[in-house]
Amino acid sequence: MPYQPFDLSGRVVLITGGNGGIGLGMADGVAQAGADVCIWGTNRDKNAAALEHLQQYGTRVTAQVCDVSDEQGVHTAFAQALSDHGRVDGCFANAGIGGRGTAFDEMTREEWDTIIGVNQTGVFYTFRAAARHMKERARDGDAFGRLVGTASLAAISGQARGEHYAATKGGLVSMIKALAVEYARYGVTAHTILPGWIETDMTETTFSNPKFVENVSKRIPVRRWGVGDDFAGIAVYIMSTASSYHSAETFLIDGGYYAF
Ligand code: NDP
């Protein structure tokens, strides 16, 4: 019999940016482990394709078009998730966008604001809605919650020509450590996941650059790029009761890249 705490039957997991890449890998893991899943993204077609894929596991899955940088949009989508599923046990704020590789001294205010709006303020809107719900549930005697953000190695090593991106991801780490402390009393744990180089839509252009591939691939000890599926197991562990005493963690999922 599989280790029981990893059976997520009855749990509901909300994953922003769950229609592709890393988010879909997480959604896939928790759905296979028995959880109901709600995914958010801005692209209706990607949502529909992800939904069809996730339905194979037989749990209840829903998708909503939601731009996380829109405060009212997040408010409405979260209320819809509660109406569809009755509860949200885990909230993975994974939606994010990359920069255009602009030199810092040429970066426009507009470019700065766009990245901050999705990667940081969007996470604030998402977690605020989830934290309110989890706190209310704890007060009703049903304490359990998981707040998880997808940051980046850029949070700890920075990103030249991506200072805005690095700032949002570093901000997530410190925001989430504070959430872990503030919400522990409500049965909520909070973690940040720092992916290394993962093959997704976001990195498509970067990975098509032979110079990048040549220079970076040999610096990854496990000798391959990461894929969405590499985030399934960590999502299941975090959602499970096996991780109840584990909070405020920064998980590096990078094939050993940072250590090397
Ligand atoms: P993808 O581009 O595949 O995924 C990004 C996801 O975010 C998509 O599902 C996208 O959906 C969604 N999204 C983007 N903007 C918004 C928005 N405004 N509102 C709601 N959803 C939005 O790339 P990844 O899977 O790689 O990225 C996932 C996370 O991982 C990001 O936060 C990224 O910064 C982080 N990351 C990725 C790394 C990598 O190497 N790939 C490395 C380090 C961190 P839609 O298109 O429908 O809007």
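**Ligand and pockets: how we know**

Modeller: The ligand takes up the space of the largest pocket. Bear in mind that this is a predicted model, where local features need pLDDT of at least 70, side-chain atom pairs count only at pLDDT 80 or more, and totals for chains, interfaces and linings use all residues. Numbering runs from 1 along each chain as its sequence is written, and side-chain values use heavy atoms, with hydrogens and water left out.

Colleague: What makes a space a pocket?

Modeller: On a 1 Å grid over the protein atoms alone, a pocket is an open set of points with protein on both sides within 12 Å along at least five of seven lines. A molecule sits in a pocket if more than half of its atoms lie within 2 Å of the grid points.

Colleague: How much space lies in the largest pocket, and which residues are closest to its centre?

Modeller: About 1400 Å³, taken as the space filled by probe spheres set on the points, which are joined across faces, edges and corners. It has 49 lining residues, each with an atom within 4 Å of a point. I97, G98, Y165, M202 and T203 are the closest to the centre.

Colleague: Which residues come nearest to the ligand?

Modeller: N19, T42, K46, Y165 and T200, out of 29 around the ligand. To count as near, a residue needs a heavy atom within 4 Å of the molecule.

Colleague: How do you know that G17, I22 and V68 make polar contacts with the ligand?

Modeller: A polar contact is a pair of N or O atoms within 3.5 Å. A backbone N or O atom of G17 is 3.2 Å from a ligand oxygen, and one of I22 is 2.9 Å from a ligand oxygen. For V68, a backbone N or O atom is 3.0 Å from a ligand nitrogen. Those distances are within 3.5 Å, so they count.

Colleague: How much of the ligand does the protein bury?

Modeller: 92% of the 870 Å² that the ligand exposes when taken alone, by the Shrake-Rupley method with a 1.4 Å probe.

Colleague: Why is α1 called a helix, and what does α1 give to the largest pocket?

Modeller: Helices are DSSP runs (H or I) of at least four residues. α1 spans 21-32, so that run qualifies. α1 gives the most to the lining of the largest pocket, with three residues.

Colleague: And which helices line the second largest pocket?

Modeller: α3 (71-85) and α4 (109-139) each supply at least two residues of that lining. The second largest pocket holds about 220 Å³ of space, and its lining includes E71, F78 and R132.

Note on methods
Polar contact = N/O pair within 3.5 Å; in protein donor to acceptor, adjacent residues only side chain to side chain. 1 Å grid on protein atoms, 1.4 Å probe; cavity = no way out; pocket = protein on both sides within 12 Å on 5 of 7 lines; lining within 4 Å.
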